[in-house]
Amino acid sequence: LNLFPKYWKLTNDASPFAVSVKNESQARSTFSYHNNIWKVHILKNGKNLYILQVGLAPPVKGVDMKINNCKKVIKTIVFYTVVIICIAILWQQAHLPYERTEYQKIAENDTEKEQSSVSFPEEYKKTVNDSFAFDAKIITGENIDYENLYASTASIVYPDADKWKTMFLKDNLNYEESCFETESRNGDRLNAEVYDNELEGFLRLDAEQGLYWKEPLMRYLVQVLHMNGEYGAEDPMDNEAVFRDADDLSGFDRTQAWESACEQMNQLGIEEGNLQYKESYCMHIEDLEEQTQRLLRDGSLSAQDAKESWSKDEEGYLFYFSQTLQGIEIFRYENIRDYPGMYGDMQVYVMKDGLGELQIPVLYSCKLEKKKLSLVSFDKIAEVLEKNYGSVITEEPITVRKCQLVMYPLQKKNGVYDMVPVWICQIGKYQGEGRNESYNYIPINAVTGEEMVELEVE
């Protein structure tokens, strides 16, 4: 090292160089100056001290300028390195579309399989033992997105009495007005208003429901339409198919009739967005006259109760409809026991010149929450029924006949309901040859798969 001059720089920037200093203080100062850039070694040879640099070595003279230049070089190198990496990534993405598309297709297929994993059969048949079996029709709904089903709450929409009166009474003062006390579905006492005219119509309003009935048209019409009962009772004069399968009226088809009904309900403050009809019956004048005569001949209809003649103005459509939430029908009856009751149905009879009947037992205003719901498989529902009822000792066999998925309004607090997905399962008990089955209705939570005994009514 004694051979190095005081300010020495080799021509090769990568070679070591040495700087001679006078004392240790200067050595420490020089060491500190260069320490954060280069590796530095302080060497002592006799009375002389040297700083030995290893690495990129700037000339000792003009060190400040060279160090700044070195910093710029390093920054430039880092910048261009990052730019090159980014360009390489972009180039790779731009020049490999086939591989990415194939990956996306695989991901989409996996997603579709996942979404299609939630489905329910149209029927379920299984014999558990001699006394318990499944021979059930499974009813869900249309256009239900099971992968995006959300928790929800609801409140009852009260009928706008003024709008109902304006539409159906039409300022007619010949109605007998009465008021009586009734009970809400929560057990509260309600006042119901009734407007009655035997030659005009019947209108009933309370805090939960509205009912309009055009007289005497609807009284005659319902006596002509005969359908088998929900409990399996067969009506020998059943003519449901005659009206259900009839061709549409000329110049007024089913679609137009339903749109007309929705438009008039909208005038009452009833939004059509979540309403959908399940059954529709077309009442042609020829069919009404023919069925009236058929019932008269059979004795099922007395001459006093029969309409003498029908007019074209009385032709129309009878719709049975329901309110839905996320594609699932809202349970509108007062309790499970009343599930098959005809008085819980929403129905409307629409003619070209107006409504002959409108029955709204209850309507809800619903709000979706952020929480997603996941429904259990129907196998789980069947497993619960089998576990709870499959080993029941009974003289007559029990058969599960129907299971329907509904949104059940479970009261959360006064006026507010949690809308809970529930399977209403109809269980029939054989009563002997020549007798109809008797039915019980079992509610099972569609999310937890647990029987909801709190909803069952003796």
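**Exercise 1. Salt bridges and accessibility**

Given that Arg-189 has a relative accessibility of 48%, assign its accessibility class, and identify the acidic partner of its side chain.

*Solution.* Step 1. Arg-189 counts as partly exposed, because its relative accessibility is 48% (buried means under 20% relative accessible area, exposed over 50%, and partly exposed in between, with a 1.4 Å probe and protein chains only). The structure is a predicted model, in which local features need pLDDT of at least 70, side-chain atom pairs count only at pLDDT 80 or more, and totals for chains, interfaces and linings use all residues. Residues are numbered from 1 along each chain as its sequence is written, and side-chain values use heavy atoms, with hydrogens and water left out.

Step 2. The partner is Glu-181, whose side chain forms a salt bridge with that of Arg-189 at 3.2 Å, N to O (a salt bridge is a side-chain nitrogen of Lys or Arg within 4 Å of a carboxyl oxygen of Asp or Glu). By this rule the count comes to 15 salt bridges.

**Exercise 2. Salt bridges of Arg-244**

Trace the salt bridges that Arg-244 makes with Glu-240 and Asp-245, and classify the accessibility of Glu-240, Arg-244 and Asp-245.

*Solution.* Step 1. Glu-240 and Arg-244 both belong to helix α6 (residues 240-244), where they stand 4 residues apart, about one turn of the helix (helices, H or I with at least four residues, and strands, E with at least two, are DSSP runs numbered from the N terminus). Their side chains form a salt bridge of 3.8 Å, N to O.

Step 2. Arg-244 also forms a salt bridge with the side chain of Asp-245, at 3.3 Å, N to O.

Step 3. Glu-240 is buried at 18% relative accessible area, Arg-244 is partly exposed at 32%, and Asp-245 is exposed at 52%.

Step 4. A network of salt bridges elsewhere links Lys-125, Asp-135 and Arg-401.

**Exercise 3. Two buried residues and their contacts**

Locate Glu-208 and Leu-217 in the secondary structure, and list what each touches.

*Solution.* Step 1. Glu-208 lies in the loop that joins β9 (201-205) to β10 (210-214), and its relative accessibility of 10% is why it counts as buried.

Step 2. With residues up to four places away in sequence left out, Glu-208 touches Ile-156, Tyr-158, Pro-159, Ser-184, Arg-185, Leu-190, Ile-360, Pro-361 and Val-362 (contact means heavy atoms within 4.5 Å).

Step 3. Leu-217 lies in helix α5 (residues 217-224) and counts as buried at 5% relative accessibility. With residues up to four places away in sequence left out, Leu-217 touches Trp-310, Glu-314, Tyr-349 and Met-351.

Step 4. The C-alpha atoms of Leu-217 and Gly-356 are separated by 7.5 Å, although the two residues are 139 residues apart along the chain.

Step 5. For the protein chain, residues 24 or more positions apart account for 66% of the contacts with a separation of 6 or more.

**Exercise 4. Aromatic geometry**

Assign the geometry, stacked or edge-to-face, of the pair Tyr-317 and Phe-319 and of the pair Tyr-364 and Tyr-417.

*Solution.* Step 1. Rings of Phe, Tyr and Trp (its six-membered ring) pair if their centres lie within 6.5 Å; planes under 30 degrees apart count as stacked, over 60 as edge-to-face and the rest as tilted. By this rule the count comes to 17 aromatic pairs.

Step 2. Tyr-317 and Phe-319 are stacked, with 6.1 Å centre to centre and 25 degrees between the planes. Both Tyr-317 and Phe-319 are buried.

Step 3. Tyr-364 and Tyr-417 are edge-to-face, with 5.8 Å centre to centre and 85 degrees between the planes. Tyr-364 lies in strand β16 (residues 364-373) and Tyr-417 in strand β18 (residues 416-429), so the pair ties together parts that are 53 residues apart in sequence. Tyr-364 is buried at 5% relative accessible area, and Tyr-417 counts as buried at 3%.

Step 4. Phe-120, Tyr-124, Phe-132, Phe-134, Tyr-146, Phe-378 and Trp-423 form one aromatic cluster.

**Exercise 5. The chain as a whole**

State the numbers of helices and strands and the percentage of buried residues.

*Solution.* Step 1. The protein chain contains 9 helices and 19 strands.

Step 2. Of its 458 residues, 41% are buried.
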